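Student: Could you take me on a close look at the aromatic rings in this structure, and at the part of the fold that carries them?

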Amino acid sequence: LAAHFVATLPDGASVDAQTTRPVAGGTADDVAFTYTIPPLHHAKQTAAKIPVKTRTVVVERGPFLYELAYSADARDYNAHLPAFEALLSSLQFR
């Protein structure tokens with residue numbers, strides 16, 4: 001799963017980490033990557049490029065794939081990462 005996911009990343013994206021981890025009683029692919037959102041240009045204004053960090057975890061359960069993703073401006077990424085980790089550790093299928 002991870003190899004297919006990595007092959008579909010946006011142009012210019014770089015993979016920061018790729019691993020497997022336990023999630024909801026199974027094994028999930030965990031991929032973290034960084035890419036840049038191109039700046040928007042408005043009349044007489046120039047915007048800066050925005051670096052974005054994203055972490056995507058794909059869990060296979062029966063015939064279904066569940067994708068859990070966290071994405072943020074690279075400057076704010078670590079501030080909210082613990083909430084995403086809490087979500088992953090508390091996920092349960094019934």
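Tutor: Happy to; here is a walk through one ring cluster and the strands beside it. This is a predicted model, in which local features need pLDDT of at least 70, side-chain atom pairs count only at pLDDT 80 or more, and totals for chains, interfaces and linings use all residues. Residues are numbered from 1 along each chain as its sequence is written, and side-chain values use heavy atoms, with hydrogens and water left out.

The structure holds five aromatic pairs (rings of Phe, Tyr and Trp, the last by its six-membered ring, with centres within 6.5 Å; planes under 30 degrees apart are stacked, over 60 edge-to-face, the rest tilted). In one of them, Phe64 and Tyr66 are tilted, at 6.4 Å centre to centre and 55° between the planes. Tyr66 also pairs with Phe93: their centres are 4.9 Å apart and the planes meet at 45°, so this pair is tilted. Because Tyr66 lies in strand S6 (residues 64-73) and Phe93 in the segment after helix H2 (77-90), the contact ties together parts 27 residues apart in sequence. (Helices, H or I of at least four residues, and strands, E of at least two, are DSSP runs numbered from the N terminus.) Ring pairs thus link Phe64, Tyr66 and Phe93 into a cluster.

Tyr66 is partly exposed at 34% relative accessible area, and Phe93 is partly exposed at 22% (buried is under 20%, exposed over 50%, partly exposed in between, with a 1.4 Å probe and protein chains only).

Now for the neighbouring strand. S5 (residues 50-61) runs antiparallel to S6, joined by ten bridges (strands pair if DSSP finds at least two bridges between them). Val57 stands opposite Leu68 in S6. Two residues separate S5 from S6 in a hairpin, and Gly62 in the turn has a positive phi of about 60°.
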